[in-house]
Amino acid sequence: MKQISFAQAEHQNKKKVTRRERFLAQMDALVPWQRLIEALAPSYFPNSAGKRGRPPIGLERMLRIYFLQQWYALADEALEDAIYDSQAMRDFIGIDLAVESVPDATTLLRFRHLLEKHALTQRIFEEINAHLAEQGLFMREGTIVDATIVAAAPSTKNKAKQRDPEMKQTKKGNQWFFGMKAHIGVDAVTGLTHSVAATSANVADVTMTSHLVRDDDKRVYGDAGYTGMWGYLDEEKDAPDSRCCVAAKRGTIKKMDDSPMKTLLLEFEKTKASIRAKVEHPFHVIKNLFGYRKVRYKGLAKNQAQLFSLFSLANMVLAKRCKGRVDGASPS
């Protein structure tokens, strides 16, 4: 029989750390819990002291459960089941099933309604961004604006016998989509989201420019869908001090004859595209890592509230990767 050393046996017995455990440990360390608790506490059942019935569950615990729902795209009931099934989730929340049970789906529903009623998801977004700004991760050199379509259920097989009236249809390329648009403005250096807005899908991207740009941005970058943004920022198109930097339309470049001017223009567009690419990173995080592919709630207000949560948490994920960029050259 082959003998193994004590060190080898200890290594073999060491528990493997799963990706979920690793991710939750990273988020536990990165999220500014105390800052969020202090910001949200005044709106979290402030008049419950001394009243009959069970006292409300601690704010930090409810926040942790709510964040799990955003990270793993789970419905209320599915989240409750997942917490019972996952030791990693219970460790993150701080629940010991031997002495307590998991908060039920109704409790989470009420907490989410509380966040929506008092605009607390926007407050979470602002507090996390303020925390990141203190670490030097918002450079205020420029903003990249973009939007993505989020699909909503097109079926009329429901109690009201109609689609969500706040969601609309729009055409992109040769395909029609029904739902809403998530508009964001991101820092041109670090790619962190600083502005979020939700509209129905038929709203033109360019019309939301002024809602996404900071007053002191030196440059504003957008794809060809933002042609004419200067009008929404009260600037002249060809003014020497204009901040607007919009991608040229493909058709315009295609019509040009081959020449040194066309070559130069293509290189310029390539440089602009490399800067604009950062705006895709938050969309990648919420869609591919968090699994946010479809509208979960009815109405724009509830879905915009969720967008604030999703993009604030996406900023925490991206913050790990973007610290090195702040030392590089800022876009010009």
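This dialogue walks through a pocket and the cavities of a predicted model.

Me: How do I tell a cavity from a pocket, and how many cavities of 30 Å³ or more are there?
Reply: A probe fits in a cavity but cannot get out, whereas a pocket is an open set. This structure holds 2 cavities of 30 Å³ or more.

Me: What lines the largest cavity?
Reply: Its lining includes Ile-65, Leu-79, Ile-83, Pro-103 and Leu-108. Asp-76, Glu-80 and Asp-104 also belong to that lining. By class, the count is 6 nonpolar, no polar and 3 charged residues. The space is about 40 Å³. Helix H5 (76-85) and helix H7 (105-117) each give two or more residues. H5 gives the most, with 4.

Me: Where does the second largest cavity lie?
Reply: Look at which domains supply the lining. Domain 1 (6-118) and domain 2 (139-327) both give residues, so this cavity lies between them. Among the lining residues are Tyr-66, Arg-112, Glu-116, Tyr-297 and Lys-302. Helix H14 (300-322) is one of the elements giving two or more. Its share, 3 residues, is the largest. The classes split into 3 nonpolar, 3 polar and 3 charged. The volume is about 40 Å³.

Me: Which residues lie nearest the centre of the second largest pocket?
Reply: Ala-147, Ile-149, Lys-172, Lys-181 and Asp-205 do, out of 17 lining residues. Strands E1 (142-151), E2 (168-172) and E3 (175-187) each contribute two or more, as does helix H13 (280-289). E1 supplies the largest share, 5 residues.

Me: How many residues of each class line the second largest pocket?
Reply: There are 8 charged, 5 nonpolar and 4 polar residues. The pocket holds about 420 Å³ of space.

How values were computed:
Residues numbered from 1 in each chain as written. Predicted model: local features only at pLDDT ≥ 70, side-chain atom pairs only at ≥ 80, totals over all residues. Heavy atoms only, no water. 1 Å grid on protein atoms, 1.4 Å probe; cavity = no way out; pocket = protein on both sides within 12 Å on 5 of 7 lines; lining within 4 Å. Points joined across faces, edges and corners; volume = space filled by probe spheres on them. Nonpolar A, V, L, I, M, F, W, Y, C, P; charged D, E, K, R; others polar. Domains from an automatic or database assignment.
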